[in-house]
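Let's take a friendly walk through this protein, looking at how some of its helices meet and at what surrounds a pocket. Keep the picture in view as you read.

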Amino acid sequence: MTWTDLQTALAADGYVASDDLSVALHLALTLGRPLLLEGAAGVGKTQLAASLAAQQDTKLIRLQCYEGLDAAQAIYEWNYQRQLLTIRAAAEDGETGKSVEDRIFSREFLLERPLLAAITQDSPPVLLIDEIDRADEEFEAYLLEILSEFQITIPELGTVAATTNPIVILTSNGTRDLSDALRRRCLYSYVDYPDRQTELAILHARCAGIEKRLGAQIVGFVQKLREEELEKVPGVAEMLDFAAAVMGLGIADLTSDPSVLKHTLSTLLKTQSDRAHITPEVAARIAGRAA
């Protein structure tokens with residue numbers, strides 16, 4: 001499969017990828033390397049992993065990163081309650097010592113979290129490590145063994161090697177810089193806000209029944225809105241929510257009723273200061289420019 005074939009296959013699933021992103025993804029698949037995607041929130045980084053899993057007909061395993069994330073939540077932990085019950089039952093039967101220890105520290109009592117689950121699948125899944133920049137810097141060290149060797153060391157069991165190597169996609173919103181060691185192990189692509197034609201293609205792929213003129217107004221309105229001084233710039237996901245709201249309210253023209261247009265802005269503006277900044281008059285002006 002060439003990168004253009006991959007781009008076409010993703011488009012068939014409703015994901016419109018740029019040439020640069022399609023080439024980067026194709027290289028990641030070909031070389032078996034993780035792909036790091038950076039860009040603002042809402043530009044489609046997470047959705048790419050979901051669309052790729054659908055295109056590859058494989059499982060999507062997602063690890064949502066956050067501050068304080070550690071190995072117990074990301075890699076594995078022991079089923080302590082079950083271990084305790086087993087110890088009590090063994091003691092009642094007069095069983096003690098190494099045989100009990102060997103039993104409670106076996107794979108039967110191991111709870112697989114996303115990173116371990118990703119390397120123990122029968123067929124390669126898509127492993128999405130979402131918003132890696134939200135995790136602590138120390139957590140990146142946990143990833144290095146997995147991303148370089150696709151294996152995990154469990155002290156009680158030894159090294160667990162990958163059954164199949166997962167397709168790894170990492171996303172970052174740029175809230176902090178990532179380590180050089182992590183970047184070296186990944187291919188890289190920056191996902192920017194789409195241009196007008198690309199965003200129109202996304203809209204028509206996701207909202208197939210939308211009228212052409214209204215679709216052009218919606219995309220034009222959102223792209224003009226992004227030029228305003230906003231705390232939270234609306235992404236592609238918000239654009240699609242806005243389109244659904246407009247269609248749901250039966251709006252055929254964004255310039256027809258400013259009061260109704262105002263009610264749809266909750267899909268695009270997510271802070272009080274942004275709502276205060278984009279008054280009904282400003283929204284009407286932007287809609288007029290987008291028409």
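## Where α11 meets α15

Helix α11 crosses helix α15 in a right-handed way. This is a predicted model, so you are looking at computed positions throughout. To find the pair, look for residues 212-225, which form α11, and residues 280-290, which form α15. Their axes are 8 Å apart, and the two helices pack at an angle of about 125°.

How should we describe α11 and α15 relative to each other? Angles from 115 to 145 degrees fall outside the perpendicular and antiparallel ranges, and therefore α11 and α15 count as oblique to each other.

## Two further helix pairs

Next, turn to α2 and α3. The axes of these helices cross at roughly 55° and come within 13 Å. That angle makes α2 oblique to α3. What is the hand of the crossing where α2 passes α3? It is right-handed.

Now find α10 and α12. Here the packing angle is about 50°, and the axes lie 11 Å apart. α10 and α12 are therefore oblique to each other, and their crossing is right-handed.

## The largest pocket

The helices of these last two pairs will come up again here. The largest pocket has a volume of about 940 Å³. Several elements give two or more residues to its lining: the helices α2 (19-31), α3 (45-56), α10 (196-206) and α12 (236-248), together with the strands β2 (60-64) and β9 (187-190). Which element gives the largest share of the lining? That is α12, with four residues.

In total, 43 residues line the largest pocket. If you would like to find its centre, look for Ala40, Ala41, Gly42, Val43 and Gly44, which lie nearest to it. Sorted by class, the lining has 18 nonpolar residues, 13 charged residues and 12 polar residues.

## Between two domains

Where does the largest pocket lie with respect to domain 1 and domain 2? Domain 1 covers 3-75 + 113-190, and domain 2 covers 196-283. Both domains give residues to the lining of the largest pocket, so the pocket lies between them.

As you go back to the picture, try tracing the lining from one domain to the other. You could start at Ala40, one of the residues nearest the centre of the pocket, and then look for α12, the element with the largest share of the lining.

Note on methods
Residues are numbered from 1 along each chain as its sequence is written. This is a predicted model: local features need pLDDT of at least 70, side-chain atom pairs count only at pLDDT 80 or more; totals for chains, interfaces and linings use all residues. Side-chain values use heavy atoms; hydrogens and water are left out. On a 1 Å grid over the protein atoms alone, a cavity is a set of points where a 1.4 Å probe fits but cannot get out, and a pocket is an open set with protein on both sides within 12 Å along at least five of seven lines; lining residues have an atom within 4 Å of a point. Grid points are joined across faces, edges and corners, and a volume is the space filled by probe spheres set on the points. Ala, Val, Leu, Ile, Met, Phe, Trp, Tyr, Cys and Pro count as nonpolar, Asp, Glu, Lys and Arg as charged, and the others, Gly among them, as polar. Domain bounds come from an automatic or database domain assignment. Axes are lines fitted to C-alpha atoms, for helices over the stretch in contact, and angles run from 0 to 180 degrees between N-to-C directions. Angles under 35 degrees count as roughly parallel, over 145 as roughly antiparallel, 65 to 115 as roughly perpendicular and the rest as oblique. A crossing is left-handed if the near helix is turned anticlockwise from the far one by less than a right angle, and right-handed if clockwise.
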